Amino acid sequence: MDWKNSRLDRADTLGIETVSRWTFDAWGGLHPHTTFDEWRDDTREDCGARGVPSVFVAMNDGEPIATASLTLSDMSTRAAMGPWLASVFVLPAWRGRGIASALAAAVETEAREAGCRRLYLYTPDQVALYARLGWVPFESVIYRGERVTLMHRDL
C-alpha cells in the first residue's frame with residue numbers, strides 16, 4: 001500500500017469531518033466545554049492555504065489515514081509560545097509505518113518555509129518518538145489534568 005501527504009483544504013468537507021472526528025475523539029475530553037461542531041469549525045479554520053495554520057493529511061487510495069497540524073497556539077497556558085506541531089493522529093492499522101514522522105516533517109517544512117525558527121509540541125506519551133526526530137524536551141507540566149512533556153525543535 002502506498003500513501004502520501006497532502007494539505008487539507010477548507011472545501012474538503014469529508015476530510016475535515018473525518019479528521020475532526022479523529023482528533024475530537026482523541027483529545028476532545030481535554031476540552032469539556034467544546035462541542036464537536038465547534039471543534040470541526042476550528043479545524044476548518046486551521047486549513048490555511050500555506051503557512052500557519054495548516055492541516056496535513058496522509059491519504060491511501062483516496063482515504064485519509066492520518067493527520068497533523070501546524071497551529072499558532074495549542075496550549076492555553078503558553079499562549080506566547082508558538083507555532084505548534086499539533087493533533088498528530090494515525091489510524092491504528094497504519095501505525096508503525098513512519099507516517100507520524102512524515103507528517104511531522106511536513107509540518108516542520110511548512111513552518112520553516114513560513115519563516116518560523118522554532119516549533120513547539122506537547123505530548124503525554126510520545127516523547128521517545130519526537131526525541132528520535134530531533135525534538136528536545138524542556139519541561140513536564142500538568143495540562144488539563146494530564147501530565148505532558150513540552151518539547152521544541154529549532155528549524
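Where is Leu30 found? Keep that one in mind while reading; these points concern a predicted model.

1. **Leu30 and its distant partners.** Leu30 is found in the loop between H1 and H2. With a relative accessible area of 16%, Leu30 is buried, since the cut-off for that class is under 20%. Setting aside neighbours within four places in sequence, its contacts are Arg144 and Glu146. The pairing with Glu146 spans 116 residues of sequence, yet the two C-alpha atoms are 8.6 Å apart in space.

2. **Arg144, at the other end of that contact.** Arg144 is found in the loop between strand E6 (136–143) and strand E7 (146–154). Its relative accessibility is 38%, so Arg144 counts as partly exposed. Do have a look at the backbone here too: phi is positive, about 55 degrees, although Arg144 is not a glycine.

3. **Helix H1.** On either side of the Leu30 loop sit two helices, and H1 is a good place to continue. H1 has 15 residues and reaches 21 Å from its first C-alpha to its last, close to the 21 Å expected at 1.5 Å a residue. Its buried residues are Gly15, Ile16, Val19, Ser20, Trp22, Thr23 and Phe24. These buried residues pack against H2, E2, E3 and E4.

4. **How H1 meets H2.** The axes of H1 (residues 13–27) and H2 (residues 36–46) come within 9 Å, crossing at roughly 120 degrees. The two helices are therefore oblique to each other. The crossing is right-handed. On the H1 side the contact is made by Ile16, Glu17, Val19, Ser20, Arg21, Thr23, Phe24 and Trp27, and on the H2 side by Phe36, Trp39, Arg40, Thr43 and Arg44. Sorted by class, this contact has six nonpolar, three polar and four charged residues.

5. **Two cis peptide bonds before prolines.** You may like to check both of these by eye. One cis peptide bond joins Val52 and Pro53, with omega about 5 degrees. Pro53 has its place in the loop between H2 and strand E2 (54–60). The peptide bond from Gly82 to Pro83 is also cis, with omega near 0 degrees. Pro83 lies in the loop between E3 and strand E4 (84–90).

6. **Ser69 and what surrounds it.** Which residues is Ser69 in contact with, leaving aside its neighbours within four places in sequence? They are Ser54, Val55, Trp84, Leu85, Ala86, Ser87 and Val107. Ser69 itself is found in strand E3 (residues 63–71). At 9% relative accessibility, Ser69 counts as buried.

7. **Ser87, one of those contacts.** Ser87 belongs to the group in contact with Ser69, and its place is in strand E4. Its phi is positive, about 55 degrees, although Ser87 is not a glycine. At 26% relative accessibility, Ser87 counts as partly exposed.

8. **Helix H3.** Val107, another contact of Ser69, is among the buried residues of H3. The full buried set is Ile99, Ala100, Leu103, Ala104, Ala106, Val107, Glu108, Glu110 and Ala111; note that Glu108 and Glu110 are included. H3 (residues 99–113) has 15 residues and reaches 21 Å from its first C-alpha to its last, close to the 21 Å expected at 1.5 Å a residue. After the helix comes Gly115, with a positive phi near 90 degrees.

9. **Ala102 and Asn5.** Is Ala102 of H3 buried or partly exposed? At 23% relative accessibility, Ala102 counts as partly exposed. In sequence, Ala102 and Asn5 are 97 residues apart, while in space they are 7.9 Å apart, C-alpha to C-alpha.

10. **Asp125.** Lastly, a loop residue: Asp125 is found between strand E5 (118–123) and helix H4 (127–132). With a relative accessible area of 58%, Asp125 is exposed, because that class takes values over 50%. The C-alpha atoms of Asp125 and Ile142 are separated by 13 Å, and the two residues are 17 residues apart along the chain.

Conventions
Residues numbered from 1 in each chain as written. Predicted model: local features only at pLDDT ≥ 70, side-chain atom pairs only at ≥ 80, totals over all residues. Heavy atoms only, no water. Axes fitted to C-alpha atoms, helices over the stretch in contact; angles between N-to-C directions. Helix = DSSP H or I, 4+ residues; strand = E, 2+ residues; numbered from the N terminus. Parallel < 35°, antiparallel > 145°, perpendicular 65-115°, else oblique. Left-handed = near helix turned anticlockwise from the far one by under 90°. Contact = heavy atoms within 4.5 Å. Nonpolar A, V, L, I, M, F, W, Y, C, P; charged D, E, K, R; others polar. Expected span 1.5 Å × (residues − 1). Buried < 20%, exposed > 50% of the residue type's maximum accessible area, 1.4 Å probe, protein only.
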